[in-house]
Amino acid sequence: MKRITIALALVASLLGACSSSGQPQPNGEMEATVERVVDGDTVELSTGEKVRLIGVDTPETVKPNTPVQPYGKEASDYSKKLLTGQRVKLKFDVEPYDKYKRLLAYMYLPDGTFVNEKLVREGYARIMTIPPNVAHADLFLAAEREAREQNRGLWGKSAGQPAQAQTPSAMQPAPKAPASSQTPPEGKRIKGNINAKGEKIYHVPGSASYEQTKAEMWFATEEEAKAAGFRAPKR
């Protein structure tokens, strides 16, 4: 009986090893080498696979039929210096791949630096939470809020003006957020906002507070917003 138990344990161990060396699994992880940086939030591995960083969105630099967006080159250059040639750890959420067959991952440097968070906190990326991959949504929200408050990176520019020019005087209305940050991603028009009390509230187009609400997240459906922990406004 003892030999049978040992044999079963060995078989289970071998099966586990096969799984870890095969296709990426939900909530699994793997190590890889970054061959090149495609743009600020996308890299190509030495295996040829592309990786899209979860939860973040840097300004576009290589999207077809799309002009290079403000601060896109800076974000791309930053990622190139940070990641090119690095041996990294990739951790997956619920969905290991997106519809373009790119790996979806949280990326970590050998020293433990959480790359996704660092891009947001340093002002090179905005948050872009797409359920069901929301494991670090709260962390990214806090990182973006800090970057905005400190006028870091893309938050330090508005219509090409330096950050200090954005401070309103007592006789002027507060300036709007940069237009690009309030342009909804394709197919996502529901705004997610966190108020001063820390409450997560979503606003649908046409609702009373929609136009004046500053989006910190965008959602395609109310179900997505609720899955990310947001609620509808109280009536």
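Strand 5 (residues 87-91) and strand 6 (residues 103-108) run alongside each other as an antiparallel pair, joined by three bridges. Keep in mind that this is a predicted model. The two strands belong to a closed barrel of five strands, and there's a separate open sheet made of three strands. Aromatic rings turn up as well, with seven aromatic pairs in the structure.

**The barrel**

- Going around the closed barrel, the five strands come in the order 1-2-3-6-5, and their pairing is mixed.
- From one strand to the next, the twist averages 60 degrees.
- Where strands 5 and 6 pair up, Lys-91 stands opposite Tyr-106 in strand 6.
- Helix 2 lies across strand 1 (29-39), strand 2 (42-45) and strand 6.
- Relative to strand 1, helix 2 runs at about 140 degrees.

**The open sheet**

- Here the three strands line up in the order 9-8-10, with antiparallel pairing.
- Strand 9 (200-203) and strand 10 (217-219) sit at the edges, each pairing on one side only.
- Neighbouring strands of this sheet are turned against each other by 30 degrees on average, if you ignore direction.
- Strand 8 (residues 190-194) and strand 9 are held in antiparallel pairing over four bridges.
- If you look at Ile-194, you'll find that its bridge partner in strand 9 is Lys-200.

**Aromatic rings**

- Among the seven aromatic pairs is the one between Tyr-78 and Tyr-124, whose ring centres are 4.0 Å apart with planes at 15 degrees, so the pair is stacked.
- This pair links distant parts of the chain, as its two members are 46 residues apart.
- Tyr-78 belongs to helix 2 (residues 72-83), while Tyr-124 is in the loop between helix 3 (115-121) and strand 7 (126-127).
- Tyr-78 has 19% relative accessibility, so it counts as buried.
- Tyr-124 is buried too, with a relative accessible area of 16%.
- Elsewhere, Tyr-106, Tyr-108, Phe-114 and Phe-140 come together as one aromatic cluster.

**Charges over rings**

- Lys-91, the residue opposite Tyr-106, has its charged end over the ring of Tyr-108, 5.0 Å from the ring's centre.
- Both of those tyrosines, Tyr-106 and Tyr-108, are members of the aromatic cluster.
- Arg-126 places its charged end over the ring of Trp-155, at 5.7 Å from the centre of that ring.

Key: Residues numbered from 1 in each chain as written. Predicted model: local features only at pLDDT ≥ 70, side-chain atom pairs only at ≥ 80, totals over all residues. Heavy atoms only, no water. Phe/Tyr/Trp six-rings, centres within 6.5 Å; stacked < 30°, edge-to-face > 60°. Buried < 20%, exposed > 50% of the residue type's maximum accessible area, 1.4 Å probe, protein only. Lys NZ or Arg CZ within 6 Å of the ring centre and 35° of its normal. Pairing = 2+ DSSP bridges. Axes fitted to C-alpha atoms, helices over the stretch in contact; angles between N-to-C directions. Contact = heavy atoms within 4.5 Å.
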